[in-house]
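Colleague: I am new to this structure and would like a close look at a single part of it. Please take one helix pair and work outward from there.

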Amino acid sequence: MNAWRLALRILLPAAVIAAIVGAWQIAAANGAIAEALNIEPFLVPSPAEVGSALWDSRSLLLENAWVTLREILLGLLAGILLGIGLSILMRFSRTLRDAVYPLIVALQAVPIVVIAPILVIWFGYGIWPKVIIVALACFFPITVTSLDGLRSVDPEAVKMMRTLDASRRQIFTRVEAPSALPNFFSGAKVAVAIAPIVALFAELAGSNSGLMRLIVEDNNNFHEARVFAAAVVLAVIGVLLVGLTALAQRLVVTWR
């Protein structure tokens, strides 16, 4: 039964993708999309042309994808560490929570397009402005979900630990932290899903390399097939990150 369910989870999305690609190929070959949108046919590449661009430009795509992936991974790591650390501190200190939580919400409300150019001016066109921007975007869901998990612990479990003369640290490590893990992974899935998008916005503000710089250059030069190819690479990165996060959850949160 589990094998059949796993096969369905793989085959159903694959069938949907195949149907979309097939319809896209037929429409592009007949010029239906370009005619419907009243644009030049060469601006609407077919899946076959996108596949050729993926293969022919694989070195260039991989080189720029590695730049973007580093920004995503470093930003995620920083956001996760900051989010977990801050949620733990706010769990132990209500004063800190009352003082900092509104600021976290206010920071999240500031658009990335406002922060990114400022960080580029401060730190230049290197990797660190992008890492900071990704971290700022990712730490919010991590912080909120982790704090909610720490605060939603079963009070009876805490009472039982206290009757066993457990210390505050023991209650945290053996009851609160394990109970908060599902919430943390829920926030982590949101973070890894938005991280690639945020990294692209960060590169748009100023970058010497990366997938967004490649997309902008190819779009300006009407290399639309490679634009779509870069989007495919970015989608693969996003799917892999979400999949790895889900796998980590299954390995760590074994009681669910």
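Modeller: A definition comes first: a crossing of two helices is left-handed if the near helix is turned anticlockwise from the far one by less than a right angle, and right-handed if clockwise. Please keep in mind that this is a predicted model.

The part to look at is the pair α10 and α11. Helix α10 passes α11 in a left-handed crossing. On the α10 side, the contact is made by Leu-211, Leu-214, Ile-215, Asp-218 and Asn-219. On the α11 side, the residues are Glu-224, Arg-226, Val-227, Ala-230, Val-233, Leu-234 and Ile-237. By class, the contact of α10 with α11 has 8 nonpolar, 1 polar and 3 charged residues. The two axes are 8 Å apart, and the helices pack at an angle of about 160 degrees. Because angles over 145 degrees count as roughly antiparallel, α10 is roughly antiparallel to α11.

Take one residue from each side of this contact. Ile-215 is placed in helix α10. Its relative accessibility is 17%, so Ile-215 counts as buried, the limit being under 20%. Apart from neighbours within four places in sequence, Ile-215 is in contact with Val-227 and Ala-230. Both of these residues belong to the α11 side of the contact. Another position to compare with Ile-215 is Leu-200, 15 residues away in sequence. The C-alpha atoms of Ile-215 and Leu-200 are 9.7 Å apart in space.

From α11, take Ile-237. Leaving out residues up to four places away in sequence, Ile-237 touches Ala-65, Leu-69, Ile-72 and Leu-211. Of these, Leu-211 is one of the α10 residues in the helix contact. Next to Ile-237 in the numbering is Gly-238, which also lies in helix α11. With a relative accessibility of 16%, Gly-238 counts as buried. Gly-238 and Ala-195 are 43 residues apart in sequence, and their C-alpha atoms are 8.2 Å apart in space.

Between the two helices there is a loop, and Phe-222 lies in it. At 52% relative accessibility, Phe-222 counts as exposed, because the limit for that class is over 50%. Phe-222 also has a phi near 60 degrees, which is a positive value in a residue other than glycine.

The pair can now be set in the nonpolar core. In soluble globular proteins, nonpolar side chains tend to be buried together. The largest nonpolar core here has 37 residues, of which Ile-72, Leu-76, Leu-211 and Ile-237 touch the most other members. Leu-211 and Ile-237 are also found in the contact of α10 with α11. The elements that give two or more residues to this core are α3 (47-56), α4 (58-92), α6 (112-123), α7, α9 (168-205), α10 (211-220) and α11 (224-252). Helix α9 gives the largest share, 10 residues.

Two other helix pairs can be set beside the first. In one of them, α6 and α9 have axes 8 Å apart and pack at an angle of about 50 degrees. These two helices are therefore oblique to each other. The crossing of α6 and α9 is right-handed. Ile-112, Val-113, Ala-116, Pro-117 and Val-120 of α6 make this contact with Val-198, Phe-201 and Ala-205 of α9. The residues of the contact of α6 with α9 divide into 8 nonpolar, no polar and no charged.

In the other pair, the axes of α5 (residues 94-109) and α7 (residues 128-151) come within 10 Å and cross at roughly 140 degrees. That angle makes α5 oblique to α7. The crossing of α5 and α7 is left-handed. Among the residues of α5 in this contact are Arg-97, Tyr-101 and Ile-104, and among those of α7 are Leu-136, Phe-139 and Arg-151. By class, the contact of α5 with α7 has 10 nonpolar, 2 polar and 2 charged residues.

A last position is Gly-126, in the loop between α6 and α7. Gly-126 is partly exposed, with a relative accessible area of 37%. Gly-126 and Val-190 are 64 residues apart along the chain, and their C-alpha atoms are separated by 26 Å.

How values were computed:
Residues numbered from 1 in each chain as written. Predicted model: local features only at pLDDT ≥ 70, side-chain atom pairs only at ≥ 80, totals over all residues. Heavy atoms only, no water. Axes fitted to C-alpha atoms, helices over the stretch in contact; angles between N-to-C directions. Helix = DSSP H or I, 4+ residues; strand = E, 2+ residues; numbered from the N terminus. Parallel < 35°, antiparallel > 145°, perpendicular 65-115°, else oblique. Contact = heavy atoms within 4.5 Å. Nonpolar A, V, L, I, M, F, W, Y, C, P; charged D, E, K, R; others polar. Core = buried A, V, L, I, M, F, W, Y, C linked by side-chain atoms within 4.5 Å. Buried < 20%, exposed > 50% of the residue type's maximum accessible area, 1.4 Å probe, protein only.
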